[in-house]
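Colleague: I should be grateful for a close look at one part of this model. Please treat the strand pairing in detail and then place that part in its wider setting.

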Amino acid sequence: MTTRTDTPAVPIVPVAAGPAHELRSAMMVWRREMVRFRHDRARMIVMLLQPLLFLFVMGTGLSSIVETGGDVDFRTFLFPGVLAMSVLFSAAFAGVSLVWDREFGFLREMLVAPVSKFAIIGGKCLGGSTVATLQSVVLLALAGLVGVPYNPMLMIQLLGLLFVGAFMLTALGVLLSARIKQIQTAMPTSQLIIMPMMFLSGALFPMANLPDWLAVLTKLNPLTYVVQPMRAAIFDHMDVPDGARELLDPSITWFGATIPVGVQILVAAGFAVAVLTAGVLAFKRTD
Amino acid sequence: MSESAIQLRGLTKTFDAVEAVRGIDLDVGEGELFGFLGPNGAGKSTTINILCTLTKATSGSAVVAGHDVSVERAAVRGRIGLVFQEPTLDTYLTAEQNLHFHGELYGVPRARLRERMDDVLTMVGLSERRKDLVQTFSGGMRRRLEIARGLLHFPKVLFLDEPTIGLDPQTRAAIWDYVGKLRQTEDITIFVTTHYMEEAEYCDRIAIIDGGEIVAIDTPEALKGTIGADRVQIHTNDDDAAIAQLGDRLGVDAAVHEGMVTFAVPQGAQFVPRLFAALNVEINTVTITRPSLDDVFMAYTGRTIRDAEESGGSQHPFRLMAGKR
């Protein structure tokens, strides 16, 4: 900040310390993810296909047998789940891409810079979750097809929640890549973690009337606290009969007490930050 | 003037039971081009990693660009440029984007970053390719871009770890050309490791490290001067007999290096007639070389650097077949 620029012949001393520098570095790591995303449009299209299949093929097929308690389209129920799913996969892959960065040497370039690992890993997580959230915008545009209203407030709420979920999954991917050095191992391992998280979040089936063991697992799953608030937000903006709402969007309870949506979001965000911290610590130990 | 850019005192590093570095004292002056030579496993990489704050020393001190590497890591990292042996570029970004990334993380003031990027790109002759993705670059171009990037944040000391490894001879010469040029434009100390002996000639001073210790340190000329002997290599049809006879009849210590009977004598050319007179094995070829850094290396480590590479690289698959006699 105190560098004098009136003597151009003399090399200036870079300012590589302090919170401003940390922020600047994290933003640059974020920007790299954006640039690479722009270069890679094919990935965006491929990543979109899977959720579309779930929504329109599986959703339409299942809607004939799933009891929705009235005139709610099963695909409306499925919509937040499919949104979460699409974000989930691309976010986790964005996190795991650190394994690639290591393999191609760029991780070293980042880690030897005069900046904290927190700024690097934090920037990476922000970048991955931004990319994942951006991808979901295309899906969001299809909301009307499954009866979800195009309410600006609702869209902002959904994007915000998707971002929290994406951040959580990117951070998980980053944590994985601190431990796993081979891409052949990292990809299946991340799938192994995502799949149960997705199934146990209520993304694909209603959480009412689940057997006890399954109900407990869904409550332990941090992703539940992203998917449920999303569904609640959608139903809040629609005319849903009470009976159908109880069946499709039951409130989450801990030991009998109902958990407000605000607390659910805090749980999700808190978990995301915890995973990020674990990732930073893991990188401090190994690389 | 005589300030040190790098100052090592009693530096050691122990991995479990292995002493990789055993007490190194070293001063590299400001503005010097300093070469660090040694076979694999000699402690070269460990020393460089300690200087770059990537590895912690077991004992001793290391001061780089005026800052202690063990307590002021960030300060040291901000003042050094690193070019690693393995590539560390993002090949999905353009040359310019790679530089920009580096400039931001090293805190180059935004007002000066653009101009500085122009300067370093010009310096390595990549101005025209600045907008191209690095994946379209050849090995030599990537190396040059890495050198440009290492210079971007006005480092006081530039570390080049085997900067020409894996490149063809022409590209290697070009890289050294750029290194020579940047010494004129930048106020910088360069610390380079290499195992190409002919490249070590470019350095102001070199240190030879073996077994975790510096065994020789001086200018290339002075080191060659200490040898005071020519190297003679002969091809015979019975190496063992030749070695025995050289010892018995001429009092010369010979050994097989690089597949030839090798020994050193003060006046190589004058020695040849005596050689033919004294030996009754068939001699097919005789090669006499004036002392080179290879000989210096051999004199201090007992091996040529190629021997050292072969035995040092324990993972070398052809090691057992490499015809050791």
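In β13(B), which residue is the bridge partner of B:V256?

Modeller: The model is a predicted one, and the bridge partner of B:V256 in β13(B) is B:V261. That pair belongs to the contact between strand β12 of chain B, residues 255-257, and β13(B), where three bridges join the two strands in an antiparallel arrangement. β12(B) and β13(B) form a hairpin, with two residues between the strands. Within the turn, B:E258 has a positive phi of about 55°.

Strand β13, residues 260-265 of chain B, also pairs with strand β11, residues 230-236 of chain B. Five bridges join β11(B) to β13(B), and these strands likewise run antiparallel. Here B:R231 has B:A264 as its bridge partner in β13(B).

As for the wider setting, the UniProt record, an unreviewed entry, carries the annotation "domain: ABC transporter" for residues 6-236 of chain B. Over residues 6-236, chain B is 35% helix and 29% strand, and the C-alpha atoms at the two ends are 48 Å apart.

Chain B also meets chain A, in a contact that takes 28 residues from chain B and 25 residues from chain A. On the side of chain B, the elements giving two or more residues are α2 (73-79), α3 (95-105) and α4 (110-123). Of these, α3(B) gives the most, with four residues. By class, that side of chain B has 16 nonpolar, six polar and six charged residues.

Definitions and conventions:
Residues are numbered from 1 along each chain as its sequence is written. Chains are lettered from A and ligands numbered from 1 in the order in which they are written. This is a predicted model: local features need pLDDT of at least 70, side-chain atom pairs count only at pLDDT 80 or more; totals for chains, interfaces and linings use all residues. Two residues are in contact if their C-beta atoms, placed from the backbone, lie within 7 Å. Ala, Val, Leu, Ile, Met, Phe, Trp, Tyr, Cys and Pro count as nonpolar, Asp, Glu, Lys and Arg as charged, and the others, Gly among them, as polar. UniProt positions are given in the numbering used here, feature names are shortened, and annotations may be inferred rather than shown by experiment. Two strands pair if DSSP finds at least two bridges between them.
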